[in-house]
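Dear colleague,

Please find below the structure that I agreed to pass on to you. My notes on it follow directly after.

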Amino acid sequence: MADFLIGLSEEDATFLARVMIGFVVCLGAIIGSFLNVCIYRIPMELSVSRPRSHCFSCGKTIPWYHNIPVLTWFILRGKCSNCKAPSSFRYPAIEALTAILFLAVFQMWGNPALFGLNPLSVPELIPFFWLFVASTVVNVMIDIDHRILLDRISLGGTLFTFAVSTAFPILHGCTLWYDGLLTSFYGALAGFGIGFAIAFMGERIFLQDAFGFGDVKWMMLFGAIFGWQGLLWILLMSSFIGLLMGAGVLLYNRIKGLADEQAVAIPFGPALGTAALLWLFWSRVILKTCIALRDWVLMHEQGFLMGFIPVLLLMSGWLIFRIRMIRKYNRELMEASEDEVTESRPTAEANVEQETPHA
Ligand SMILES: [Zn+2]
C-alpha cells in the first residue's frame, strides 16, 4: 500500500479505489470532449477555448447541461436540442474511448487497491501517459480528417519526453537521470532515422508519400517514449494493421460498388497510433509471447516453416498487388494532372464545400 494510505483498513482502501475510478472515468470523458474540440478546430487554426461549443447547423451555443460527455448525445438522441440537426456518433465515441484509455492507464500504473498490490506501480507516470493517449487520439483523428499529423505533438512531445525521462528515468526502467535521458534520446534518434529511411524508400516504391514526413516525426516521439525495441515493434505492427485496414477498405469498396481510388489514400497515422497504444498497454505480454514463440519455433522448426511460409507468400503477394495498384493509380493521376491542370480545380473546391461538418 502506498505510504499515504498506511492506516487505512482494507475496506476503506477498496472504497477509495472505487471513488478514484469513478473520478478518472469522468476526467477521461471530459478530456475526450475537449479532444473533440481540438480535432475539429486545430487544423482550421481556430482557438480551442473560444467561442464556446455551438451547434454547427443553427449556431446556438450549447448550454452546459447539454454538454455532458457521452450522456448528452444519448439523451438528445444525437440531435441538436434547438434545431434537431443530427450530430455524429463520433463525438460520444471519442469521449468514451478517452475515458476507457484514461482508466486503463490509471489501473496499469496505479490502482490495484491503490498502488500497493500493483507490482508495476509507477503512479508518477500516470499524468504523462494520460497526455500521451490523449495526443494519440487527436493525431489519429486529425490524420483521418485532413491527412496531417501535428508537429506540436511529435516535436513538442519529443522535447517534453526528454524532460520527463530526465526527471523520471523510471520511464525507461533506469534509476539515474542521465541514463533516462540518453535512452530517450537514442530512441528518438532511432525513430527519426528508421522513419526517414522508410519514407525515402516508400517514395521510390509507391511514387508518392506513402509514409509521410509527419509519420517520421511521430515515430521519433514513439522512440523517445518506448526506446528502440518498442519502436521496432510499433513499426512492424503498424504495417500489419495498415495492411488490414487497406484490405478492409478495399473489401468495403467492392461491396458498395465504389471505385478503389479511395483505398489508395488511406492515411498511415491510424495504424501507427493503434500500434503505439497496443505497445503501451501490452508490451509485457507481447515480449513474453515473443519469447514463448521463439522457444516454440526452435522446438518445432519444420512445423513452423510449413505453417509460416504460406502465410508469408500470401502476405508478400498482397503487398506486391497493392504496390502495383498504387503505382498504376499514381501514374494515371500524374498523366491526368498534366492534361487538365485548370479543369481539376473546380471539382476540388466543390468537394470541400460538400464536407459540411455536423456536431
Ligand atoms: Zn442546432
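**Zinc site and helix packing**

The 4 donor atoms around the zinc ion subtend angles of 104 to 117°, so their arrangement is tetrahedral (four donors, all angles between 85 and 135 degrees). The model is a predicted one, in which local features need pLDDT of at least 70 and side-chain atom pairs count only at pLDDT 80 or more, while totals for chains, interfaces and linings use all residues. Residues are numbered from 1 along each chain as its sequence is written, and side-chain values use heavy atoms, with hydrogens and water left out.

Coordination of the zinc ion is by the SG atoms of Cys55, Cys58, Cys80 and Cys83, at 2.3 Å (donors are N, O and S atoms within 2.8 Å of the metal, or 3.2 Å for Na, K and Ca). The sequence spacing of these donor residues is C-x2-C-x21-C-x2-C. Cys58 lies in the loop between α1 (10-41) and α2 (71-75) and Cys83 in the loop between α2 and α3 (90-109), so the pair ties together parts 25 residues apart in sequence (helices are DSSP runs of H or I, at least four residues). Cys58 is partly exposed at 33% relative accessibility, and Cys83 is also partly exposed, at 31% (partly exposed lies between buried, under 20%, and exposed, over 50%, with a 1.4 Å probe and protein chains only).

Turning to the helices, the axes of α4 (residues 126-146) and α7 (residues 213-256) come within 13 Å and cross at roughly 160° (axes are lines fitted to C-alpha atoms over the stretch in contact, and angles run from 0 to 180 degrees between N-to-C directions). The two helices are therefore roughly antiparallel (angles over 145 degrees).

With kind regards

Note on methods. Tetrahedral: all angles 85-135°; square planar, octahedral: opposite > 155°, others 65-115°. Parallel < 35°, antiparallel > 145°, perpendicular 65-115°, else oblique.
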